[in-house]
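Thanks for asking me to look this one over. Have the model open while you read, and tick off the points as you go.

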Amino acid sequence: MAIAKAERLMNFALCLLGTRRPLSKRELRGSIEAYLEAGSDDSFNRMFERDKDDLRELGLVIETVENLDGDTGYLARRDSNRLPPITLDAEEAAALGLAAKVWQQARLAGAASGALQKLRAAGMPEAEDAYEVHSALEPRIPVHEAAFEPLMLACRDRRPVTFDYRKANSARAEQRQVEPWTLECWRGHWYLAGWDRERGAERVFRLSRIAGRVRSRAGAFSAEVPDVVTVRETVESWAGETATRTARIRLRAGAGYPLRSRATAVRDRGDGWDELEIPYGHGLDAWLVEFGPDVVVEEPADLRADVVDRLRAVAKD
């Protein structure tokens, strides 16, 4: 990091940590020499936003507060940015090392490696890495969606976001305003659970259906964030994990292997189709639509109707 930028970030952090009330962007600009020297408002705004993101990436918890006049202020409370002494034994260090390896194939690889380096510098014991030597297993979490990183940061910082989202039964994307709660990986797909402001209800979004860029918005959350257990149950329910009935479908031979892995029974019909019984829960209709003409729902009738409705909606678009 260049010396000038490091000094600017240090001054920015000291201003946020040294105040008892939120400081506006205008006040921060007047307190930091590098901001005063910015050539224009646009140049200052770009520098300010980059520095704020960099400080958050470094671990500083920056709160965004709106005052009575509608202006946005920033502060970093000392109690939110103070950690107790870190003491880890060899087994805990090994668990952290393994967790960091999980992210080596994902966009968090740099953050995971940097966190380990900081912990080792603070005295964390070196642990033998069982996965460093020849092993047939490689722990990892694949992350291919570009929306993952900005949403992960928005969940961490409690920042509202907007993005364009394409539902399973529509070919067109619609803009959604969401207060993000958490990200969950289920059956190889990432999901975001959060509060949809326009619909006034909690919703779950599959990251692979987010189109374009995720944009952050200023302001605080308007809805209370539930505990982790509730959010995880919501993700599982919307993704179809919670099964209450059994569905019977026809599946073209040689197709739909993800469906076959969930089937409780498979029967060869001898006509190029197989008959499967799979657990039936919320979200199964959207999943079946993804297999197109390779799937035909036999029963229940309401599931068949839902799949047909989704296919007709896609055809209209």
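Below are my numbered notes, going from confidence through the sheet and hairpin to the cysteines.

1. Ground rules. This is a predicted model, so to speak of local features I need pLDDT of at least 70, and side-chain atom pairs count only at pLDDT 80 or more, while totals for chains, interfaces and linings use all residues. Residues are numbered from 1 along each chain as its sequence is written, and side-chain values use heavy atoms, with hydrogens and water left out.

2. Confidence. pLDDT is the predictor's confidence in each residue, from 0 to 100. The protein averages 81, and 77% of its residues reach 70 or more. Of its elements, strand 4 (residues 161-166) has the highest mean, 94, and helix 6 (residues 109-121) the lowest, 64. Keep an eye on residues 133-137 as well: pLDDT stays under 50 there, and the model gives that stretch one contact beyond four places in sequence. (Contact means heavy atoms within 4.5 Å.)

3. Overall make-up. I count 11 helices and 12 strands; these are DSSP runs numbered from the N terminus, with helices being H or I of at least four residues and strands being E of at least two. Of the 317 residues, 37% are buried, where buried means under 20% relative accessible area, exposed over 50%, and partly exposed in between (1.4 Å probe, protein chains only). Among contacts between residues at least 6 apart in sequence, 55% join residues at least 24 apart.

4. The five-stranded sheet. Its strands form an open sheet in the order 7-6-5-4-8, with antiparallel pairing. Strand 7 (201-206) and strand 8 (210-216) are the edges, each pairing on one side only. From one strand to the next the twist averages 45 degrees. Pairing here requires that DSSP find at least two bridges between two strands. Strand 5 (residues 173-186) and strand 6 (residues 189-196) have eight bridges between them, and one to look up is Glu184 with its partner Tyr191 in strand 6.

5. What sits on that sheet? Helix 7 (residues 148-157) packs on it, touching strand 4, strand 5, strand 6 and strand 8. The direction of helix 7 makes about 80 degrees with that of strand 5; axes are lines fitted to C-alpha atoms, for helices over the stretch in contact, and angles run from 0 to 180 degrees between N-to-C directions.

6. The hairpin. Strand 10 (residues 265-268) runs antiparallel to strand 11, and four bridges join them. Asp268 has Asp274 of strand 11 as its bridge partner. Four residues lie between the two strands, and Gly270 in the turn has a positive phi of about 80 degrees.

7. Strand 11 itself. Eight of the nine residues of strand 11 (residues 273-281) are buried, so the rest of the structure largely encloses it. Ile278 lies in this strand and is buried, with a relative accessible area of 1%. Leaving aside neighbours within four places in sequence, Ile278 has contacts that include Arg245, Ile249, Leu259, Leu284 and Leu288. The C-alpha atoms of Ile278 and Val266, 12 residues apart along the chain, are separated by 9.1 Å.

8. Cysteines. How many disulfides turn up in a search of the whole structure? Zero, taking a disulfide as a pair of cysteine sulfur atoms within 2.5 Å. Cys15 is buried, with a relative accessible area of 19%, and Cys155 is buried too, at 10%.
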